[in-house]
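Me: Could you walk me through this structure? I'd like to start with the overall make-up and then zoom in on a few spots.

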Amino acid sequence: MKWTNDRSDNVDDRRGSGGGGMLVGGGLGTIIVAAIVFFLGGDPSAILNNSTSAPQQTEQRALSNEELNIREFVRMLTAENEQTWHKIFQENGIQFQPAKVVLFENGTDSGCGPAQSEMGPFYCPADQIIYMDMRFFNELQQKFGAKVGQFTVAYVLGHEYGHHIQTLLGTTQKVNQLRRSQSETESNKFSVATELQADFYAGLWAKQTDSREKFLEPGDIQEAMSAAAAVGDDNIQKRGQGYVNQESFTHGSSAQREEWFMKGYNSGDIRQGDTFNALLR
């Protein structure tokens, strides 16, 4: 993908700062469960709020040139999310508020509890911040078989920004309220619809941004499809437990994640992203 000249100031790079939170009480089991259940997900507070944060003392260090380059890349992607979604909201008469993005290593504190690198990227509605440890993308390639490139990062950030859009539109709040009165199986269906809508928003963002900036290059969309397939519930369950239990899906199958990203990309129309009526009727 081509880099644009836009940069956002809403990126907080906490790498090399010497701080960070470390889970206590939940332990390694909590981290593993959070990683599986909330891979590329929305709100991990249901698991993480049961743990507490303790200071983790590490030495401060200077960031490498590669890490500084990654920061600029994320600042660019964040700016393109902000511009595209501001335009979409403006066209629909809605007030837009940008999300912040935090880059961290090992661990840090979030409004949803301690953030750990093993969890993968996530969005916290409580503080409206996206948390990302960039080493996640090595795991995505090595453990889940994704073809990782620059647009893989763009897709993941676009998905997490999609959860921010759901919070701004009130979708997150409505879904959380509805899920309280549902059985576990029905609650999982709402979760799947939420995640697939975030994939749709990521595709919509890619389409709208490319129309404005012409930043896509051959192979970029295929990278997004590879990442979407890698984090499908069926792929994660096959690799983790050797079999698939569809009733326990919380994010959607690989095929569904690819389908809804492409629907957002091909339509470029936010009105086509009603995953709830499509999946729950």
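**Overall make-up and a closer look**

Reply: Sure: the protein chain has 11 helices and 8 strands, where helices (H or I, at least four residues) and strands (E, at least two) are DSSP runs numbered from the N terminus. This is a predicted model, where local features need pLDDT of at least 70, side-chain atom pairs count only at pLDDT 80 or more, and totals for chains, interfaces and linings use all residues. Residues are numbered from 1 along each chain as its sequence is written, and side-chain values use heavy atoms, with hydrogens and water left out.

Me: What percentage of the 281 residues in the protein chain is buried?

Reply: Buried means under 20% relative accessible area, with exposed over 50% and partly exposed in between (1.4 Å probe, protein chains only). By that cut-off, the buried share of the 281 residues is 53%.

Me: Which residues of strand S8 are buried on each side?

Reply: Strand S8 spans residues 129-132, and both its faces are covered. One side has Ile129 and Tyr131 buried, and the other has Ile130 and Met132.

Me: Which strand pairs with S8 in the parallel sense?

Reply: Two strands pair if DSSP finds at least two bridges between them. Leu103 stands opposite Met132 in S8. The parallel pairing with S8 runs over 4 bridges, and the partner is strand S4 (residues 100-103).

Me: And which residue in the turn of the S7 and S8 hairpin has a positive phi?

Reply: S7 (residues 122-124) and S8 run antiparallel, joined by 3 bridges, and Tyr123 has Ile130 as its bridge partner. The hairpin leaves 4 residues between the strands, and the one with a phi of about 55° is Gln128.
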